[in-house]
Amino acid sequence: MVAVKSKTSANTITIRFAGDSGDGMQLTGDQFTDTTAVMGNDFATFPDYPAEIRAPQGTLPGVSSFQIQFSDNIIFTPGDQADVLVAMNPAALKVNLKTVKKGGLIIVNENSFGEDHLKKAAWKTNPLADNTLKDFQVLKVALTDLTRNALKDHPLKGQEVDRCKNFFALGMMFWMYDRRFEHTVAWIEKRFAKRPEMVAANIATLKAGFNFADITETLQTQIHVPKAQLEPGVYRKITGNEATAIGFVTAAQLAGKTLFYGSYPITPASSILHELAKHKVYGVKTFQAEDEIAAIGAAIGASFGGQLGITGTSGPGVCLKSEALNLAVMTELPLVVIDVQRAGPSTGMPTKTEQGDLLQVMYGRNGDSPVAVIAPKTPSDCFQMALEAVRLAVKYMTPVIFLSEGYLAEAAEPWKLPEIEKLPKIEIRHPKEEKDPFLPYSRNPETLARPWAVPGTPGLGHRIGGLSKADLTGNVSYDPDNNQKMILLRREKVAKIANDIPDLTVEGPGSGKLLVLGWGGTFGAIYQAISDLTQEGVKVSHAHLNYLNPFPKNLKNVLSRFEKILVPELNMGQLIMILRDHFPGVNFLGLNKMQGHPFSVFEMKNKIRELL
Amino acid sequence: MSEAVLKLPYTKEDFVSGQEVRWCPGCGDYSILATMQRTLSKFDLPIEKYVFVSGIGCSSRFPYYMNTYGFHTIHGRAPTIATGLRCVNPELSIWVITGDGDGLSIGGNHLIHCMRRNVDINILLVNNRIYGLTKGQYSPTSEKGKITKSSPYGTIEQPINALCVAIASEATFIARTLDTDPTHMSYILERAAKHKGVSFVEIYQNCLIFNDKAFVPVTGRETREDRMVYLKDGQPLVFGKKKDKAIRLKGLYPEEVNYTAGGDTKDLLIHNEKDENPHYAYFLTQMEHPEMPVPFGVFRAIEKPTYDEMLDEQIRQAQVKGKGDLKSLIYGPNTWKVGS
């Protein structure tokens, strides 16, 4: 007879699913996440996978992982280390062992620990049989056999049967963390609607996993994570790239413009193109260009044509786009360049995150070429910053760089949906037919923006281009004084954006010993670290820059109120270099990581403690 | 700076911008510019509907001299900017002005893809077989062995044939004309303007300074009647001072034969610009000096749906049941409620 099992509760749990690229680990993680969302926890996810589509089966480079932290608290990171690792094979175990907490639970598919798999994963001895896992609890499950057994009366054959085993693991995790499986069942029914035999097999496997966990004597306790006290409202799960795409479609609608998105496939920006390509019902025009240059060229053409030209890429693509970006600077056309940064230099680590492009987007062009640069701080913040990018681009007639990161692009979190009616309209005025000669390089006295005259408008015919422009007329000019004047005007125009963006806010004490000044996707780790330390009674403050060029006007004042400024960055210190240039004499200190991974809360806390 | 709104009908002068033209005296580009201005003035499309887009090079200064909308972009990239512009505005008449270096070297990739997509724009490739603006290096169309500043021992590169590239890219309108025959050029520009889909026109142009008389062996006063053949749809390829020569096929190759006006044409090659199959147009591009007379005129003019039209059609289809509303976009398929 099976003993009645107990149920305990926990505040925060981190789970990591790991297997071969073909094992469906991202899907498994997504399903766990969706159910977790519906069950009312706060969460943050971290997909971590190789650039290779299917590296040789069972090898270390082929390991794909998905981490989720969920909680009854408000959380900001996917968790430093996992409470539970599900390892589908020896390679997944090897790659992910260091991500598990000491004393944490490791669930392995023991059927995959044969000689050849151990060899492929470069284990000299079987880690299940020696002392390798002595610091952990280990649950050996014959996932392959159990899945085959569960499906022995199903019509599926061989590989198709074995491919269901991720649902067995998912079913186990659903039991362990007291989750319902209805949401995933509904998903399976929809996903495989055309293949009823797949629906039946996947559901049977999911339930078999759930029941196995319920029955097996090695699992005695179910852990319940209560609902989080999220702000009341309607929520959806969102990744950074989804929020980016939806944000730009929304911005186009708010501006009454057609969104034209020119892009060339590149990791980790491609999913923005995929998302936008679906939205034809919103009038979105996507253009998969022949290369990065054509992608931005077409976007500039669309902007010249009076619509909303946007291009998206990652760091290597920005390199290729820089000449065209400079053309948009010179012709003062609105344009948004999305850069979802990845680990560089060169091809680097395409699926891994970094913040290495800040200096490139700020300065990586010939001549003095200022552009606005903004950066979202969380996946859902990508939506808000997309609206900002468009607002600034069209109001100031300037390219705006939307500097996202691989980590934000793919991480998911709950997003409290905005009230649609309250989203502000984006005002655009195009000049109309006029009696006086039209001056394409005259300027709005407040913003210094030039008029956005659209081809097809009678009487406004004019020529623009990359050659130096005469003030007012825009004619080609080699006049030395004019050239200097125009360079200064363009700089002043971008600088004026500072009057039009929110002040920097400080979380925690308004002055003191240490301010942590972050930007971009480091927000989560910094916020969590400071919130933990504050609870311990440590006095430290946090400010986060969404606007990198220009900076908020009160930044100087904020900096002046702290003895030390810690600037954590996933690069060698690019923001710190700009800050030191702007604010000489301020005591800036860096925390820098170039490993393709986001900061952990642990390393952030350590650094803060070290400085206090 | 532009003047007050111009009304139809237009004169050539209406298309002349106020900017001083700065090509070298005697440059073939003057003739191309004047022919363009004269040709467009005959049409009834409002002047504000024209946009000239160019890259970098001597001919790429063209937009500055047209009293229309214009965009002098960056080296080789004009087709990309024109593509984006076309995708958001179906009403404009868009002209890309490029050269042999701009279009076939640095911008070769864009040229190919713009043509294969059949974007509804007109591309004029002004070919002078030299880099002029950078002062005399060989170009991708320079003949092998050519001695220039960057090839003092002669080039060792096989030249590219612009029209072959156009055929290989499945351009739907392909033509060749020359700077010294404004009447023919005007006819070709008019045909290009009226073609729906991409129009690709190669214009033989003389660079007086760095490659003078490059085309004279073909187009020179003394020799042109024997070395040029003007293509006329449905007609044999007749040439020669006395119009006494035509072309016939010998296997896969062209052969010169005697021709008498009004005589039997059954063995002769009859020009068919509407041939959907690219073989014939490609064959014509291979008729090169000195082996054969060089064809001028419309090589190919076929109808295919344009990129911009299909792009709009997909959106129209998606919106048959109405345009999307912001709420369903932002909310997506799965939401959950927290609290009251």
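Domain bounds here come from an automatic or database domain assignment. The model is predicted.

**Exercise 1. Work out how domain 2 and domain 3 of chain A meet.**

Step 1. Set the bounds. Chain A is split into domain 1 (6-224), domain 2 (236-422) and domain 3 (506-611).

Step 2. Place the centres. Over C-alpha atoms, the centres of domain 2 and domain 3 of chain A lie 25 Å apart.

Step 3. Count the contacts. On the domain 2 side, 29 residues touch 23 residues of domain 3 of chain A.

Step 4. Take the area. The two domains bury about 2,200 Å² between them, with 61% of it on carbon and sulfur atoms. Within domain 2, A:Gln355, A:Leu358 and A:Lys377 lose the most area to domain 3, together 31% of what that side buries.

Step 5. Check the polar links. There are 14 residue pairs in polar contact, both at pLDDT 80 or more. The salt bridge count is zero.

Step 6. Describe the domain 2 side. Elements that each supply at least two residues to it include α14 (381-396) and β15 (399-405) of chain A. By class, this side has 17 nonpolar, five polar and seven charged residues.

**Exercise 2. Decide whether A:Asn41 is buried or exposed, and find its polar partner.**

Step 1. Locate A:Asn41. The residue sits in the loop between α1 (25-38) and β3 (42-48) of chain A.

Step 2. Apply the cut-off. Buried means under 20% relative accessible area. A:Asn41 has 0% relative accessibility, so A:Asn41 counts as buried.

Step 3. List neighbours. Leaving out residues up to four places away in sequence, A:Asn41 touches, among others, A:Phe70, A:Val225 and A:Pro414.

Step 4. Find the partner. The side chains of A:Asn41 and A:Arg179 make a polar contact of 2.9 Å.

Notes
Residues are numbered from 1 along each chain as its sequence is written. Chains are lettered from A and ligands numbered from 1 in the order in which they are written. This is a predicted model: local features need pLDDT of at least 70, side-chain atom pairs count only at pLDDT 80 or more; totals for chains, interfaces and linings use all residues. Side-chain values use heavy atoms; hydrogens and water are left out. Helices (H or I, at least four residues) and strands (E, at least two) are DSSP runs, numbered from the N terminus. Buried means under 20% relative accessible area, exposed over 50%, partly exposed in between (1.4 Å probe, protein chains only). A polar contact is a pair of N or O atoms within 3.5 Å; within protein, one must be able to donate a hydrogen and the other to accept it, and residues adjacent in sequence count only if both atoms are side-chain atoms. Contact means heavy atoms within 4.5 Å. Buried area is the accessible area (1.4 Å probe) that two parts lose on being put together, summed over both. A salt bridge is a side-chain nitrogen of Lys or Arg within 4 Å of a carboxyl oxygen of Asp or Glu. Ala, Val, Leu, Ile, Met, Phe, Trp, Tyr, Cys and Pro count as nonpolar, Asp, Glu, Lys and Arg as charged, and the others, Gly among them, as polar.
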